[in-house]
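The following exercises concern the reading of a protein fold from its coordinates. Please examine the sequence and the structure before working through the solutions.

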Amino acid sequence: MRVYVPLTLPALAEAHKTGELGSGPLVAYAVTPALREWYVSDDIEELEYAALSRAALASLRLLAADPGAPRRRVVVAVDVPDRAAAADPDRGLDPAALGEVRVTGAVRLAKAAAVHVDAGEAETDVRAAAEALAAADGGDDDAQFVVDGAEDHELLWFAGQEIASLVGSGTEPSGGRAAGRTGGPADGWPGD
């Protein structure tokens, strides 16, 4: 099962140092039955993009809780055994939990299929969105508009071997591309 683990750049740097995303349980996002029902699509790429988007919002929440972290959302896509990830059946169609799963056991960073990170140009909007998140959660429509502004920025796609460059310099390596798809060059994207 492909899961999308929300992080911050400092958390990605720590994962790079230790070699794992964590020993579990980790909160991640995946194509769950509830996400399928909410999104009303059978297109797996669209559903995976929806799961990636949910993880990006969770990354924004992590940024709101860590004002010292660079204002860039980070999501690591990793494949885990189906039995290692499970949705909470009690949360069902809770809008806040759509696509959310708990991953048990250690998740090796070397298993990452891709890393998705905001481009530097998104930092201003991501900063504003992180600051507006609490008000948006409280029902403030203007704040929700600001939070939605971060979603206007596509996360860039990076291969696992580019993680060292991402965490070492704080700038994106030359290989970043828009993450509108959840695969990568090896998956046969047009034009590759």
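Four exercises with worked solutions follow.

The model is predicted, so that local features need pLDDT of at least 70 and side-chain atom pairs count only at pLDDT 80 or more, while totals for chains, interfaces and linings use all residues. Residues are numbered from 1 along each chain as its sequence is written, and side-chain values use heavy atoms, with hydrogens and water left out.

**Exercise 1. Overall composition**

Determine the secondary structure content of the protein chain and the share of its residues that is buried.

Step 1. The protein chain contains six helices and ten strands; these are DSSP runs numbered from the N terminus, helices being H or I of at least four residues and strands E of at least two.

Step 2. Of the 192 residues in the protein chain, 45% are buried (buried means under 20% relative accessible area, exposed over 50%, partly exposed in between, with a 1.4 Å probe and protein chains only).

Step 3. Contacts (heavy atoms within 4.5 Å) between residues at least 6 apart in sequence join residues at least 24 apart in 71% of cases.

**Exercise 2. The packing of two helices**

Describe how helix 3 and helix 4 pack, and identify the residues that make the contact.

Step 1. Helix 3 covers residues 44-65 and helix 4 covers residues 123-137; their axes lie 9 Å apart, at an angle of about 90°. Axes are lines fitted to C-alpha atoms, for helices over the stretch in contact, and angles run from 0 to 180 degrees between N-to-C directions.

Step 2. Helix 3 is therefore roughly perpendicular to helix 4, a class that spans 65 to 115 degrees (under 35 is roughly parallel, over 145 roughly antiparallel, and the rest oblique).

Step 3. Helix 3 contributes Leu57, Leu60, Arg61, Leu63 and Ala64, and helix 4 contributes Val126, Ala129, Ala130, Leu133 and Asp137.

Step 4. By class, the residues of this contact are eight nonpolar, no polar and two charged (Ala, Val, Leu, Ile, Met, Phe, Trp, Tyr, Cys and Pro count as nonpolar, Asp, Glu, Lys and Arg as charged, and the others, Gly among them, as polar).

**Exercise 3. The nonpolar cores**

Which residues touch the most other members of the largest nonpolar core?

Step 1. A nonpolar core is a set of buried Ala, Val, Leu, Ile, Met, Phe, Trp, Tyr and Cys residues joined through side-chain atoms within 4.5 Å.

Step 2. The largest such core has 28 residues, and Val3, Leu12, Leu21, Val76, Val103, Leu109 and Val115 touch the most other members.

Step 3. Elements that each supply at least two residues of this core include strand 1 (2-7), helix 1 (9-18) and helix 6 (163-169).

Step 4. Apart from this core lies another, of 14 residues, among them Ala34, Leu52, Val75 and Leu155.

**Exercise 4. Two loop residues**

Is Thr32 buried or exposed, and what does Ala96 contact?

Step 1. Thr32 lies in the loop between strand 3 and helix 2 (33-39). Thr32 is buried, at a relative accessible area of 5%.

Step 2. Beyond neighbours within four places in sequence, Thr32 is in contact with Ala87, Gly99, Glu100 and Val101.

Step 3. Ala96 belongs to the loop between strand 5 (85-86) and strand 6, and is partly exposed at 48% relative accessible area.

Step 4. With neighbours within four places in sequence left aside, Ala96 contacts Arg54 and Arg91. The C-alpha atoms of Ala96 and Arg54 are separated by 9.2 Å, although these residues are 42 residues apart along the chain.
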